[in-house]
Amino acid sequence: MKGAIIKYAQDNIDTDVIIPGQYLKVHDYAELATHAMEGLDPDFHSKVKEGDFILSGKNFGCGSSREHAPIALSHSGIKAVLALSFARIFYRNSVDGAFLLPIEIDEDAYNEISEGDEIDIDISTNEIKNITKNKTYKMKPFSEIIGKIISAGGIFKYNPDQN
Amino acid sequence: MNIVEKILARGSGKSKVSPDDVIFANVDKVMMHDVSGPGVIKVFDKLKKQGISVDKLWDPTKVWVAEDHFVPSAEKVSAENIVKLSKFTKHYGIEKHFKYGMGQYGICHTISHEEAMVMPGDVYVGGDSHTNTTGALGAFACGLGHTDIAYVLLHGKIWFKVPETYYFKINGKLPDHVMAKDLILKIIGDIGTDGGNYRTMQFGGTGIDEMSVESRLTMCNMTTEAGAKNGIVEPDQKVVDYLSSRGATNFNLIKGDDDAEYEKLFEYESSELEPVVAKPFSPENITIVREAPSVELDKSYIGSCTGAKYEDLVAVAKILKGRKVKIRTEILPAAISIYQRAMENGLLKIFLDAGVTVGPPTCGACCGAHMGVLAKDEICISTTNRNFPGRMGHIESQTYLSSPMVAAASAVTGKITDPRDLQ
């Protein structure tokens with residue numbers, strides 16, 4: 001899976017900036033996408049392209065349980081968020097709803113990958129290739145259950161009795 | 001096993017579970033509100049299009065619904081969400097729907113204890129991050145998103161990774177003017193907003209034994225701000241009395257074994273605690289009130305599931321009695337039952353005499369949605385749980401999080417004030 005990086009070099013990007021509280025009443029996915037990251041980066045909506053990845057620091061998606069957060073990012077075109085760590089509800093909402101891939105990366109990848117870099121993520125080998133800089137990093141492998149839910153295409157397509 | 005492991009073992013039909021085990025737990029109660037409810041309805045619509053049956057719920061008697069985030073409706077989208085929610089509960093035969101304007105209603109986490117919707121030992125999930133609150137009753141209480149709640153509504157179970165547990169041992173009774181909110185803010189300041197990520201935060205020790213159930217609810221509520229999967233206190237006679245007085249019967253008090261294991265032990269001496277605030281823009285940004293910056297406040301907000309329970313309002317009334325507020329101050333009891341008790345016991349008169357505006361239960365301004373949001377550059381002291389940029393209104397507004405007593409004392413002076421220093 002290839003895409004370009006939009007980098008937010010900070011920790012604790014919370015759901016209130018990913019999609020501010022005033023939009024919680026909105027359940028139209030396309031409309032939510034127009035407000036994605038509004039609390040942090042008002043230019044996000046104009047610069048994001050289909051297939052882009054976000055790169056960020058620790059505890060990405062902390063705060064509320066609002067599924068609006070992965071929905072707004074996913075419907076903006078974001079296919080994966082690469083972060084040093086994730087807050088738990090954002091992580092499971094991203095996977096169970098099959099909105100985007102939450103990819104845990106190490107400090108080297110976080111520091112060396114820059115805004116605009118072309119990246120290739122291969123979850124079968126747990127490798128992240130930086131095509132622009134010709135470097136390869138390891139991602140943290142998904143746990144067994146997460147890997148299975150991702151392969152199935154979300155919690156509703158995952159059958160715990162068969163898998 | 002510790003209490004959470006025992007509850008999850010029971011819930012998944014296993015004799016033993018350990019941290020990192022992945023289980024499907026049967027759910028005893030599930031909650032959604034006027035934000036997560038319409039989100040769940042949207043998921044149901046998607047499932048229908050995919051040919052997945054949503055004809056009936058696994059058990060409508062185990063589902064309850066709150067109207068809290070966008071009531072009273074400020075505009076038509078919110079109003080339509082309430083209509084959608086009502087049609088959904090009617091269609092699926094969900095009887096426990098606490099409606100705005102029809103007797104008891106309030107913030108979902110407050111209804112959970114005021115109406116004894118959740119019992120000790122339950123596996124309880126809710127479509128809201130602060131579902132952790134209700135762990136104070138001795139339940140495994142955990143917040144989930146719309147897709148997971150939709151899954152629970154249809155299947156009655158959901159997956160969990162059994163969490164590691166951090167045990168916080170609190171020694172001794174909190175001093176006067178120091179509230180549970182001060183203690184939990186102090187803990188979050190120490191471990192950080194991701195300090196409890198994926199874990200259980202369990203509270204015990206003589207300090208917790210001495211605490212009221214409502215103070216324990218404050219403790220567990222804020223575990224969300226440390227990223228915890230859930231917060232929990234082992235149930236005791238106080239919990240039984242609290243829930244019995246709200247009509248509950250048939251208790252199943254699950255407690256940890258004597259040889260229960262915890263990933264880490266933290267210890268706090270209550271006598272060393274002082275009133276604190278969390279400065280903008282993070283709940284971990286803690287300072288003791290007497291060293292807080294000398295800023296001119298624009299507003300004091302006393303509301304939310306964290307800071308507008310009955311005991312919180314009693315504490316506020318102690319401070320405001322015979323005094324006047326100097327800044328815009330709003331008190332929004334977190335449920336109608338609390339509002340009513342505040343009226344019967346004379347608290348509302350104290351508030352109104354002090355110059356406060358008393359509003360209806362709502363999440364409103366706590367999440368920057370409506371009913372008193374902040375303007376650009378405004379500074380607010382608040383009994384709520386989060387102060388991220390833009391949380392309570394304009395992205396350039398600021399919120400200091402505090403206990404109800406500190407918010408009340410600050411309302412009187414217009415500056416961040418330790419209640420012990422009030423003239």
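Biologist: What makes up the lining of the largest pocket, by class?

Modeller: The lining has 11 nonpolar, 3 polar and 10 charged residues. Keep in mind that this is a predicted model.

Biologist: Which residues lie nearest the centre of that pocket, and how many line it?

Modeller: There are 24 lining residues, and those nearest the centre are A:Tyr91, A:Glu104, A:Lys140, B:Lys161 and B:Tyr198. Lys and Glu count as charged and Tyr as nonpolar, so A:Glu104, A:Lys140 and B:Lys161 fall in the charged class, while A:Tyr91 and B:Tyr198 fall in the nonpolar class. Chain A gives two or more residues from each of helix H5 (88–96), strand E4 (101–104) and helix H7 (144–152), and chain B does so from strand E7 (157–161). H5(A) gives the most, with 3 residues. The space in this pocket is about 610 Å³.

Biologist: What does the second largest pocket look like, by volume and by class of lining residue?

Modeller: It holds about 500 Å³ of space, and its lining has 10 nonpolar, 4 polar and 5 charged residues. Closest to its centre, out of 19 lining residues, are B:Val178, B:Met179, B:Ser215, B:Lys318 and B:Met405. H11(B) supplies the largest share, 5 residues.

Biologist: How do you know how many disulfides there are?

Modeller: A search over all chains finds 0. Take B:Cys305: its sulfur is 6.4 Å from the closest cysteine sulfur, in B:Cys366. A disulfide needs sulfur atoms within 2.5 Å, so this pair is too far for a bond.

Biologist: And what makes B:Cys380 fail or pass that test?

Modeller: B:Cys380 fails, because its closest cysteine sulfur, also in B:Cys366, is 10 Å away.

Biologist: Why would you call B:Cys305 and B:Cys380 buried or exposed?

Modeller: Buried means under 20% relative accessible area. B:Cys305 has 8%, so it is buried. B:Cys380 has 0%, so it is buried as well.

Biologist: Which residues have the most contacts inside the largest nonpolar core?

Modeller: They are A:Phe44, A:Phe60, A:Leu73, A:Ile103, B:Phe44, B:Leu153 and B:Phe160, in a core of 97 residues. Helix H5 (residues 146–155) of chain B gives the most to this core, with 6 residues. Apart from it lies another core of 63 residues, including B:Leu347 and B:Cys367.

Biologist: What is A:Leu73 in contact with, beyond its neighbours within four places in sequence?

Modeller: Among its contacts are A:Ile18, A:Met37, A:Phe44, A:Phe60, A:Val81 and A:Leu100. Contact here means heavy atoms within 4.5 Å. In soluble globular proteins, nonpolar side chains tend to be buried together.

Technical notes
Residues numbered from 1 in each chain as written. Chains lettered and ligands numbered in written order. Predicted model: local features only at pLDDT ≥ 70, side-chain atom pairs only at ≥ 80, totals over all residues. Heavy atoms only, no water. Core = buried A, V, L, I, M, F, W, Y, C linked by side-chain atoms within 4.5 Å. Buried < 20%, exposed > 50% of the residue type's maximum accessible area, 1.4 Å probe, protein only. Helix = DSSP H or I, 4+ residues; strand = E, 2+ residues; numbered from the N terminus. 1 Å grid on protein atoms, 1.4 Å probe; cavity = no way out; pocket = protein on both sides within 12 Å on 5 of 7 lines; lining within 4 Å. Points joined across faces, edges and corners; volume = space filled by probe spheres on them.
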